[in-house]
Amino acid sequence: MDYQTSLFADATTDSVALSPERRLLSHGAWVDVQRSWLRDPDAVFSALVTDVPWRSERREMYDAVVDVPRLVHTYLAGVPLPHPALEEARTALSRHYLPELGEPFVTAGCCFYRDGRDSVAWHGDTIGRGRSADTMVAIVSVGDPRRLVLRPRGGGASIAVTMGHGDLVVMGGSCQRTWEHSVPKVAHAGPRISVQFRPLNVF
Ligand SMILES: O=C(O)CCC(=O)C(=O)O
């Protein structure tokens, strides 16, 4: 499929200079970070708060069914995103990482952390191809800063990356298989929203 041509044909702006710094982890995993990368983070935050059809999820825990501590929504492939800066970001990410990733970012998972009690527990995105193949998950963050903590599966020192307003963090290589990540609860935090861009069939 010739997605090189079609993928970027509708890019309206190319104002987002992408030059992230890479930190190599063990087992072929890595994390890229670029601070203050997203255009218009205040407007993106407002659009996400008001226009995303947020829902709370429930899950079984021991013998109870509890609320997952964050609001979520996923934009599947081909569904327009709620702010043009997010479309631009996805296009720029797809272009930048195409030689390494071999495919574009297509879906956009959104998480709304209303305050410090909202969180994501330790996990890797191993549903789909992330279970057996290297892939990437690119996160843009808006709102209050929160820490993304990563630890190697099977033990070892963890690292933390603070994700601030407009920052980009990309987990790549074997990161979803060989490392786990979490966003821990904190005593005090205002609202934060993360948008996670993923290739097809990575969850
Ligand atoms: O909030 C974040 O930035 C991370 C979200 C996350 O780990 C996930 O959805 O898999």
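A residue is called buried when its relative accessible area is under 20%, exposed when that area is over 50%, and partly exposed in between, with a 1.4 Å probe and protein chains only. Helices (H or I, at least four residues) and strands (E, at least two) are DSSP runs, numbered from the N terminus.

The model in your viewer is a predicted one, in which local features need pLDDT of at least 70 and side-chain atom pairs count only at pLDDT 80 or more, while totals for chains, interfaces and linings use all residues. Residues are numbered from 1 along each chain as its sequence is written, and side-chain values use heavy atoms, with hydrogens and water left out.

**First stop: strand β9 and its hairpin**

Select β9 and show its side chains, which alternate along the strand: Ile159, Val161 and Met163 point to one face and are buried, whereas Ala160 and Thr162 point to the other face and are not buried. Add β8 to the selection, and you will find that β8 and β9 pair in the antiparallel sense over 5 bridges, where two strands count as paired if DSSP finds at least two bridges between them. Within this pairing, Val149 has Ala160 in β9 as its bridge partner. The two strands β8 and β9 form a hairpin with 6 residues between them, and Gly154 in the turn has a positive phi of about 90 degrees. Gly156 also lies in the loop between β8 and β9, and this glycine is exposed, with a relative accessible area of 56%. If you draw a C-alpha to C-alpha distance from Gly156 to Trp179, it is 10.0 Å, although the two residues are 23 residues apart in sequence.

**Second stop: the sheet of 4 strands**

Strands of a sheet pair through backbone hydrogen bonds, either parallel or antiparallel. Now widen the selection to the open sheet of 4 strands in the order β6-β11-β8-β9, in which the pairing is antiparallel. Its edge strands are β6 (120-123) and β9 (159-163), each of which pairs on one side only. Neighbouring strands of this sheet are turned by 15 degrees against each other on average, direction ignored; the axes behind such angles are lines fitted to C-alpha atoms, for helices over the stretch in contact, and angles run from 0 to 180 degrees between N-to-C directions. Strand β8 (residues 146-152) pairs with strand β11 (residues 179-183) in the antiparallel sense over 4 bridges, and Leu150 has His181 in β11 as its bridge partner.

**Third stop: the ligand**

Which residues are around the ligand? Select Tyr113, His123, Asp125, Ile139, Met163, His181, Val183, Arg192, Ser194, Gln196 and Arg198, where a residue is listed if one of its heavy atoms lies within 4 Å of the molecule. A polar side-chain atom of His123 lies 2.7 Å from an oxygen atom of the ligand. From the side chain of Ser194, an N or O atom is 3.0 Å from an oxygen atom of the ligand, and for the side chain of Arg198 the corresponding distance is 3.3 Å.

**Fourth stop: the sheet of 8 strands**

Select next the open sheet of 8 strands, which has the order β1-β2-β10-β7-β12-β5-β4-β3 and antiparallel pairing. Strands β1 (21-24) and β3 (55-61) stand at the edges with a single partner strand each, so one side of each is left without a neighbour in the sheet. From one strand to the next, the twist averages 25 degrees. At the β3 edge, β3 and β4 pair in the antiparallel sense over 6 bridges, and Ser56 stands opposite Leu71 in β4.

**Last stop: the aromatic rings**

A pair of aromatic rings is described by the distance of the centres and the angle of the planes. Rings of Phe, Tyr and Trp (its six-membered ring) pair if their centres lie within 6.5 Å, and planes under 30 degrees apart count as stacked, over 60 as edge-to-face and the rest as tilted. A search of the whole structure finds 3 aromatic pairs. One of them is the stacked pair of Trp30 and Tyr97, at 6.2 Å centre to centre and with 15 degrees between the planes. Trp30 lies in strand β2 (residues 29-34) and Tyr97 in helix α3 (residues 84-101), so this pair ties together parts that are 67 residues apart in sequence. Tyr97 also forms an edge-to-face pair with Phe105, at 6.3 Å centre to centre and 85 degrees between the planes. Trp30, Tyr97 and Phe105 together form one aromatic cluster.

Notes
A polar contact is a pair of N or O atoms within 3.5 Å; within protein, one must be able to donate a hydrogen and the other to accept it, and residues adjacent in sequence count only if both atoms are side-chain atoms.
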